[in-house]
Amino acid sequence: MLPSAEMLANIKEATQTVASTRRPWRVFLDLSALTLPSSISEASTRLAHNFTYFLFNYALLLLLIFLLTLFPHALPLLLFLLLSAAWYFLYFSRDDLPLAIVPLALLTLVALFATGAWLNLLLALLIGALVVFLHGVLRSTDDLIGDDQESPYGPMLGDTPASGAYVPV
């Protein structure tokens with residue numbers, strides 16, 4: 001069975017949406033932008049802003065760390081690469097099957113525990129959380145530009161009202 005034109009259009013749209021939220025790696029890895037924050041308040045602001053700005057990069061980094069922890073184990077690595085493709089094609093690229101998440105989640109949980117990869121996932125999450133925290137706190141936000149100019153805490157605290165934001169009367 002060949003994929004329909006609508007399915008291919010959905011895959012293309014999902015890919016473009018995801019790709020539009022990623023930030024250039026040269027900006028993400030800019031060593032000259034790493035500085036110590038002057039206070040805990042600045043550190044928390046940096047962390048929140050960098051987390052929203054570099055969310056796709058952080059997610060990709062976590063996935064890479066997880067796959068690297070699986071590298072010595074060929075079967076779980078292959079299984080999770082196939083599961084990643086299944087998640088992409090059956091859930092992320094389709095908007096007409098919201099119930100696909102239940103069987104995919106169950107299949108992923110079974111694969112995690114059947115292959116013993118849950119320990120690798122836990123290790124990857126711990127390492128990834130440390131990397132995200134360190135990068136988020138140390139990465140200065142002064143040179144970051146884009147559509148994320150509102151408050152890192154969301155539209156309710158931003159300077160300009162966004163749709164759905166509370167506006168003082």
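Start with the whole chain coloured by accessibility: of the 169 residues in this protein chain, 28% are buried. The model is a predicted one. Switch to a cartoon view and 7 helices appear, with 0 strands. Followed along the sequence, the pattern reads α-α-α-α-α-α-α. If contacts are drawn for pairs with a separation of 6 or more, 77% of them join residues 24 or more positions apart.

Next, colour by confidence. The chain has a mean pLDDT of 78, with 70% of its residues at 70 or more. Select residues 156-164, where the pLDDT is below 50. Beyond near neighbours in sequence, the stretch 156-164 has 6 contacts in the model. Where pLDDT is low, predicted coordinates should not be read in detail.

**The α4/α7 pair**

Select residues 55-70, which are helix α4, together with residues 118-138, which are helix α7. At what angle do these two helices pack? The angle between α4 and α7 is about 145°, and their axes are 9 Å apart. The crossing of α4 past α7 is right-handed.

Show side chains on both helices. On the α4 side, the residues that meet α7 are Tyr-58, Leu-61, Leu-62, Ile-65, Phe-66, Thr-69 and Leu-70. Their counterparts in α7 include Leu-121, Ala-124, Ile-127, Gly-128, Val-131 and His-135. Sorted by class, this contact between α4 and α7 has 13 nonpolar residues, 5 polar ones and no charged ones.

Centre on Ala-124, in helix α7. Is Ala-124 buried or exposed? Its relative accessible area is 2%, so Ala-124 is buried. Neighbours within four places in sequence aside, Ala-124 touches Leu-62, Ile-65, Phe-66 and Thr-69, and these four are among the α4 residues that meet α7. For a distance check, pick the C-alpha atoms of Ala-124 and Leu-64: they are separated by 8.9 Å, with the two positions 60 residues apart along the chain.

Now move along α7 to His-135, in the same helix as Ala-124. His-135 has a relative accessible area of 12% and is therefore buried. Apart from neighbours within four places in sequence, His-135 is in contact with Phe-28, Asn-50, Phe-54 and Tyr-58. Three of these contacts, Phe-28, Phe-54 and Tyr-58, lead to the next stop.

**The aromatic cluster**

Display the rings of Phe, Tyr and Trp. Over the whole structure, a search finds 8 aromatic pairs. Select Phe-28 and Phe-54: this pair is edge-to-face, at 5.2 Å centre to centre and with 75° between the planes. Phe-28 belongs to helix α2 (residues 25-28), and Phe-54 to the loop between α3 (40-53) and α4. The two are 26 residues apart, and the pair links distant parts of the chain. Both Phe-28 and Phe-54 are buried.

Keep Phe-28 selected and add Tyr-58. Why does the pair of Phe-28 and Tyr-58 count as edge-to-face? The planes of the two rings stand at 70°, and planes over 60 degrees apart are classed that way. The ring centres of Phe-28 and Tyr-58 lie 5.5 Å apart. This pair also links distant parts of the chain, with Phe-28 in helix α2, Tyr-58 in helix α4 and 30 residues separating them. Phe-28 and Tyr-58 are both buried.

Extend the selection to Trp-25, Phe-51 and Tyr-53. Together with Phe-28, Phe-54 and Tyr-58, these residues form one aromatic cluster. Tyr-58 is thus a point of return, being one of the α4 residues that meet α7.

**Helix α3 and Val-137**

Finish on helix α3, which holds both His-49 and Ile-40. Relative accessibility for His-49 is 12%, so His-49 counts as buried. Ile-40 has a relative accessible area of 75% and is therefore exposed.

Add Val-137 to the view and draw two C-alpha distances to it. From His-49 to Val-137 the separation is 9.6 Å, at 88 residues along the chain. From Ile-40 to Val-137 it is 9.4 Å in space, at 97 residues in sequence.

Methods. Residues numbered from 1 in each chain as written. Predicted model: local features only at pLDDT ≥ 70, side-chain atom pairs only at ≥ 80, totals over all residues. Heavy atoms only, no water. Axes fitted to C-alpha atoms, helices over the stretch in contact; angles between N-to-C directions. Left-handed = near helix turned anticlockwise from the far one by under 90°. Contact = heavy atoms within 4.5 Å. Nonpolar A, V, L, I, M, F, W, Y, C, P; charged D, E, K, R; others polar. pLDDT = per-residue confidence, 0-100. Phe/Tyr/Trp six-rings, centres within 6.5 Å; stacked < 30°, edge-to-face > 60°. Buried < 20%, exposed > 50% of the residue type's maximum accessible area, 1.4 Å probe, protein only.
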